[in-house]
Amino acid sequence: MASLTSDAGTLRQAAQAGHITIGTAAASGDLNEAEYCSILGSEFNQLQAENEMKFGPIHPRPDTDPNPYDFSGGDRLVAFAQDHKMLVRGHTLVWHNQTPAWLASGNYTASQLQSILNRHIHAVMSHYASKVYAWDVVNEAFDDDGTMRHTIWYDQPGIGAGDGTKYIEQSLRWAREANPNAKLFYNDYDTETINKKSDAIYAMAEDFKKRGVPLDGIGFQTHISLRYDNPKTLTYFAQNLDRFANLGLEIHITELDVRLTDSSVASLAAQAKLYGKVLTLCERQPACRLVQTWGITDKHSWIPQFFKGQGWALLWDANYHKKPAYSAVLKALAPSRK
Ligand code: XIL
């Protein structure tokens, strides 16, 4: 049957031949756009809520409220995924950002925070049990220098689990308890290459594996710029994925985007090349099972708001036209077509 999208088929069709799932972050509000829905349902075989399963959006009121949770956005995304036979990845249970106001202003003690977080993990994972196959249990717990980030969960006042990575361990244990079938991930940014932060995460992962702490994989966010396209960085990227894979962990590229400072023909071509190289890095490592872009279209990308003067980071432009990066990803997913 002829494909409406291109002769080469869709990313999703190309991905089906290999070991890589192709996902994207999605927002239920954007499901009102026909083009958005048609691309989401045909080009990707996984979605992940860009925001709607985070603590603040999903748990906007304290547990003393008769109705502490709001699953509506996440549920709409899950329904879309089920209608289109897509996987759903969960993001994220323990993070310092996008927490609700009641949490920050509650002056909770460590033991109160402990039971808040435990109940949160159980409630959210149970709600999506059998619907969400993998969770970013803990997100961005390290600083760039490899020390623990100071957050409400770690030391303000923290959940009282102990020093170092103890609260991550505790969160993973609660998550395993809440849904023994879900794959449990630690997810972070600027950890793609070998540096102080990825070294610290590696040490944690090695320790967790040794002691049987339930950790199934590592998410590498991969919010990158064209600076990544140099042989040294890409070699370190590959070696880094390899060392985590050698611990028996699954590797997910969870939030891929390649931001630019302009949309010239040359920049779009360079972007395409780098997207292709990231895909190839994942292809060559059998433990790398997911490449997920952080959105579909430049129209809705988070980049312009968070990286001033930058943008044009995704595979479709703001008018839903495929960019050169789209073809590069398609080619990398279907190497026989190269
Ligand atoms: C971003 C979303 O894309 C934005 O819409 C939101 O305003 C802020 O968060 N690392 C993560 C993601 O793990 O959850 C972040 O998503 C981007 C950086």
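1. In helix α2 (residues 34-43), the buried residues, those under 20% relative accessible area with a 1.4 Å probe and protein chains only, are Tyr 36, Cys 37, Ile 39, Leu 40, Gly 41 and Glu 43. Their cover includes α1 (11-16), β1 (21-26), β2 (46-49), α4 (72-83) and α12 (324-333), where contact means heavy atoms within 4.5 Å. Helices (H or I, at least four residues) and strands (E, at least two) are DSSP runs, numbered from the N terminus.

2. This is a predicted model, in which local features need pLDDT of at least 70 and side-chain atom pairs count only at pLDDT 80 or more, while totals for chains, interfaces and linings use all residues. Residues are numbered from 1 along each chain as its sequence is written, and side-chain values use heavy atoms, with hydrogens and water left out.

3. Helix α7 (residues 166-178) has 13 residues and should span 18 Å at 1.5 Å a residue, counted over one less than its number of residues, which agrees with the 18 Å between its end C-alpha atoms. Tyr 167, Ile 168, Glu 169, Ser 171, Leu 172, Trp 174, Ala 175 and Ala 178 of α7 are buried, and the buried residues of this helix pack against β3 (87-94), α6 (110-127), β4 (134-139), β5 (183-188) and α8 (196-211).

4. The ligand is surrounded by 14 residues (a heavy atom within 4 Å), the closest being Glu 50, Lys 54, His 91, Glu 255 and Trp 294.

5. Among the side-chain polar contacts (N or O pairs within 3.5 Å), Asn 139 lies 3.0 Å from a ligand oxygen atom, whereas ligand nitrogen atoms are 3.1 Å from Glu 140 and 3.2 Å from Gln 221. The protein covers 85% of the 420 Å² of accessible area (Shrake-Rupley, 1.4 Å probe) that the ligand has on its own.

Methods
Buried means under 20% relative accessible area, exposed over 50%, partly exposed in between (1.4 Å probe, protein chains only). A polar contact is a pair of N or O atoms within 3.5 Å; within protein, one must be able to donate a hydrogen and the other to accept it, and residues adjacent in sequence count only if both atoms are side-chain atoms.
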